[in-house]
Amino acid sequence: MKVLIVAGSSGGHIFPALALLEYLKDNYPLADTQLVLPRRNSGSNIEVKGFKTVYIDSATLKASFDRRNLAAIYKFLKGFWQSFFIILRFKPDVVVGFGSIASIPLVLLSWLARIKVVLHEQNVIAGQANCFLLRLCDRMAISFEKTRDRLKPHSDRIVLTGNPLRKNLIKIDRAKCLEFFSLEENRFTVLVMGGSQGSFGINQGFLKALLALPAKDNLQVIHLAGSSDREKLIREYSRLPVKSRVFSFLNEMEYALSLADLAVCRAGATSIQELIYYRLPAVLLPYPFAYQHQTANARVLEAQGAAEIVEDRELDSNKLKDVLSGILNDRQKLARMRAGFDFFKPKNAARELSALVMDTNYGH
């Protein structure tokens, strides 16, 4: 089979697409795969080596009148034309879309050509692109059962697979993690991450909260800062009695997630799935835009007591400091947060999604 996979520009779209590609490569060696990404990802930190990858033009269209929409429409139409030739050359048996506007041309053209289409939705609230494309697909794989309730008119097409994680995300022995980062055994480890691009708001908000904490001598921090803030954060940490490791981007996330006692992060779908897999208590700072997708994701963990939520607008207040202090000073609370992950049943999402993609019993 020939499998064409298209994803948006963020790590939340690309990482599950890469997880699917890895599983297909390992378990369906005769499958021919190709990945399609927006052109702006050609210089991204996210590694796509080892997979045939092509790039198309894509741009976000604004609902209100904006002169930039003219350029965006041109890029979108150009991407449509490029997608046509990708399908013509590759001749896929199935097209798998992971959301975002970048997937619309390929999925729409595949539907017109009567090519089997599988969509994957990573978030609790389905994105606009997937909602639009749902009526054109053969199956939609979802990551959370709650998503099904929001898409009831099309429930016959919906399958719960979970959100696949890359195969390198395994649990690493603590001693190896400490050696990897050159950190100390007896310190409490906080992992701070703002998504694949970093987050200025999280960087500044966490630093402010850390400065205000009355006792921090026993802390060590692994901070994924993004490229623009890294040097500044290194200087700031050097003035504090806190051991720190600051990265622009970290490919070896399995070491950070295995070592951390607590995460401070956004609530993107991939981050939520990683927290569940590693049973890692978290303070979640949902990205306030994008139709509140991340807030809905965060509520899934909050409902089980596995995470606490601090709204983005509260980063300038003492809320983050108070939440961190409450967790750091109450280890029983941390244990209760970790126990909250008992609710989530383990699922091999990459296997489930691959089976759906490779199933020849349905399609146009």
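R279 is a good place to start: with a relative accessible area of 29%, this arginine is partly exposed. The side chain of R279 meets that of D342 in a salt bridge, at 2.7 Å from N to O. Please keep in mind throughout that this is a predicted model. From here, the briefing moves through charged pairs, a buried aspartate, enclosed spaces, a buried helix and two individual residues.

**Salt bridges**

- The structure holds 19 salt bridges, and the D342 and R279 pair is one of them.
- D342 sits in the loop between helix 13 (331-339) and helix 14, while R279 sits in the loop between helix 10 and strand 12, so their pairing ties together parts that are 63 residues apart in sequence.
- Like its partner R279, D342 is partly exposed, with a relative accessible area of 46%.
- D330 pairs with R336 in another salt bridge, with their closest N and O atoms 3.8 Å apart.
- D330 is partly exposed too, at a relative accessible area of 26%.
- R39, D57 and K78 are joined into one network by salt bridges that share partners.
- E231 and R230 also form a salt bridge through their side chains, at 3.1 Å from N to O.
- Within that pair, E231 is partly exposed, with a relative accessible area of 47%, and R230 counts as partly exposed at 26% relative accessibility.

**A buried aspartate without a salt bridge**

- D229 belongs to the loop between strand 9 (219-224) and helix 8 (230-238).
- Side chains of opposite charge can pair when their charged atoms come close.
- What is the nearest side chain of opposite charge to D229, and how far away is it? It is K232, 6.4 Å away, and D229 is buried yet has no salt bridge.
- The cut-off for a salt bridge is 4 Å, from a side-chain nitrogen of Lys or Arg to a carboxyl oxygen of Asp or Glu.
- D229 does have a polar partner: its side chain makes a polar contact with the side chain of N203, at 2.8 Å.
- Setting aside neighbours within four places in sequence, the contacts of D229 are S199, F200 and N203.

**Pocket and cavity**

- The second largest pocket has a volume of about 950 Å³.
- Its lining numbers 35 residues, of which Q273, I276, K345, P346 and K347 are the closest to the centre.
- At least two lining residues of this second largest pocket come from each of helix 1 (11-27), helix 5 (145-150), helix 10 (269-278), helix 11 (293-302) and helix 14 (349-358).
- Which helix gives the largest share of the lining of the second largest pocket? Helix 1 does, with 5 residues.
- The structure holds 1 cavity of 30 Å³ or more, and the largest cavity contains about 30 Å³ of space.
- V190, F206, L210, L213, L219, V221, L324 and L328 line the largest cavity.
- Helix 7 (200-212), strand 9 and helix 12 (319-328) each supply at least two residues of that cavity's lining.

**Helix 11, a buried helix**

- Why is helix 11 largely enclosed by the rest of the structure? The reason is that 8 of its 10 residues are buried.
- The buried residues of helix 11 are H293, Q294, T295, A296, N297, A298, V300 and L301.
- The cover over these buried residues includes helix 10, strand 12 (282-284) and strand 13 (307-309).
- Helix 11 also supplies at least two residues to the lining of the second largest pocket.

**Two buried residues with distant contacts in sequence**

- T270 lies in helix 10 and is buried, with a relative accessible area of 8%.
- The C-alpha atoms of T270 and N163 are separated by 7.2 Å, although the two residues are 107 residues apart along the chain.
- Apart from neighbours within four places in sequence, T270 is in contact with G11, G12, F15, P16, N163 and L165.
- S258 is part of helix 9 (residues 253-259).
- Is S258 buried or exposed? At 19% relative accessibility, S258 counts as buried, because the cut-off for buried is under 20%.
- A polar atom of the S258 side chain lies 2.7 Å from the backbone oxygen of E254.
- Beyond neighbours within four places in sequence, S258 is in contact with I170, K171, I172, C177 and Y278.

Technical notes:
Residues are numbered from 1 along each chain as its sequence is written. This is a predicted model: local features need pLDDT of at least 70, side-chain atom pairs count only at pLDDT 80 or more; totals for chains, interfaces and linings use all residues. Side-chain values use heavy atoms; hydrogens and water are left out. Helices (H or I, at least four residues) and strands (E, at least two) are DSSP runs, numbered from the N terminus. Buried means under 20% relative accessible area, exposed over 50%, partly exposed in between (1.4 Å probe, protein chains only). Lys and Arg count as positive and Asp and Glu as negative; His and the chain ends are not counted. A polar contact is a pair of N or O atoms within 3.5 Å; within protein, one must be able to donate a hydrogen and the other to accept it, and residues adjacent in sequence count only if both atoms are side-chain atoms. Contact means heavy atoms within 4.5 Å. On a 1 Å grid over the protein atoms alone, a cavity is a set of points where a 1.4 Å probe fits but cannot get out, and a pocket is an open set with protein on both sides within 12 Å along at least five of seven lines; lining residues have an atom within 4 Å of a point. Grid points are joined across faces, edges and corners, and a volume is the space filled by probe spheres set on the points.
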